[in-house]
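Q: I'm new to this one and would like to go through it slowly. Could you show it to me before we start?

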Amino acid sequence: MKLRLLVLFLVFSFSVSAETLRALSPAEEVLNKAVADRMNYLEHRYHIRFDRAAFKGATFGIPAEHDQTFEAEYVPGESRIYVNRSFVFWFVRTKVCFGERAFEGVPQFSRSQKLLTILDHELGHFWADHVSRKIGNGAWPSPYNFSELSWDQQCGLRVLTEGVAGYFSYTTPDYNRKERAKSFPEESDAKYWYGRGGQVAFYAGGYWLVRPILQRFREKGVEYIVTHPFYFEDGDARQAAKEYQRTALAELGKKRK
Ligand SMILES: [Zn+2]
């Protein structure tokens, strides 16, 4: 009963404090502690750097104009992570049960794993967006021209964005297999991309495509990705993905010498 009252109180406190310059709620404090821990962990594991000064923090609630079923969202250019309100209670409980070090390192208890994976994924979006702005390429992906892109250009962009984010969140052996290139269709089929097939291509295929580029070249690799769109004009997305990966590795390798 006590716990139920706590949840009601937290939900109420969110609804009355909409302005941006406000004190963090207890759950948001835990959330931001978790994000800071994940930044440290990802930097150590993947040998990259986050710009903490540029990061605006994490908050609960998906922006009203977006899909409310999202578990979390990173808005390019805004440097902020939005986490679905349904996770508020989880953060409070985790802090109470596991204390200060609950979010550091490899997740040790199964229920936390999903949410930490989500935070890692959104931090991957932040990293790519921030590197893009740092080199003068603007927010990535650009929120201004997305709707002007053709459907296959939009799909190509999503392959790259979700691939980079997935690089930080997919740690299971299943996603490491070479045959993940088969997530891309060999023949032109717009319908494929609008259904389950697109989801598989964006996340698993995207991860397959960017993984060796980021693994070998890290920040230089993501600089290449944010400045080189992925197209599959002739319809064979699988061949185009292989070609993109091959060219990226060759060009980055040349620069390094
Ligand atoms: Zn994503």
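A: Before looking at strand partners, it helps to know that two strands are taken to pair if DSSP finds at least two bridges between them. Please also keep in mind that this is a predicted model.

Q: OK, so how do S2 and S3 pair, parallel or antiparallel?
A: Strand S2, residues 72-75, pairs with S3 in the antiparallel sense over 4 bridges, and within that pairing Ala72 has Val83 in S3 as its bridge partner.

Q: And what do S2 and S3 form, with how many residues between them?
A: They form a hairpin with 4 residues between the two strands, and in its turn Gly77 has a positive phi of about 85 degrees.

Q: Which way does S1 run against S3, then?
A: Strand S1 (residues 58-60) and strand S3 (residues 80-83) run parallel and are joined by 3 bridges, with Thr59 having Tyr82 of S3 as its bridge partner.

Q: Switching to helices: at what angle do H5 and H7 pack?
A: Helix H5 (residues 151-169) packs against helix H7 (residues 196-227) at an angle of about 65 degrees, and their axes are 5 Å apart. Since angles of 65 to 115 degrees count as roughly perpendicular, H5 and H7 are therefore roughly perpendicular to each other.

Q: Is that crossing left-handed or right-handed, and what residues are in the contact?
A: The crossing of H5 and H7 is right-handed, and their contact has 14 nonpolar, 5 polar and 3 charged residues.

Q: Last thing, which residues have the most contacts inside the largest nonpolar core?
A: Those are Leu31, Val164 and Val210, in a core of 59 residues. Several elements each supply at least two residues of this core, among them S1, S3 and H5, while H7 gives the most, with 14 residues.

Methods
Residues numbered from 1 in each chain as written. Predicted model: local features only at pLDDT ≥ 70, side-chain atom pairs only at ≥ 80, totals over all residues. Axes fitted to C-alpha atoms, helices over the stretch in contact; angles between N-to-C directions. Parallel < 35°, antiparallel > 145°, perpendicular 65-115°, else oblique. Left-handed = near helix turned anticlockwise from the far one by under 90°. Nonpolar A, V, L, I, M, F, W, Y, C, P; charged D, E, K, R; others polar. Core = buried A, V, L, I, M, F, W, Y, C linked by C-beta atoms within 7 Å. Buried ≥ 20, exposed ≤ 12 C-beta atoms within 10 Å, placed from the backbone.
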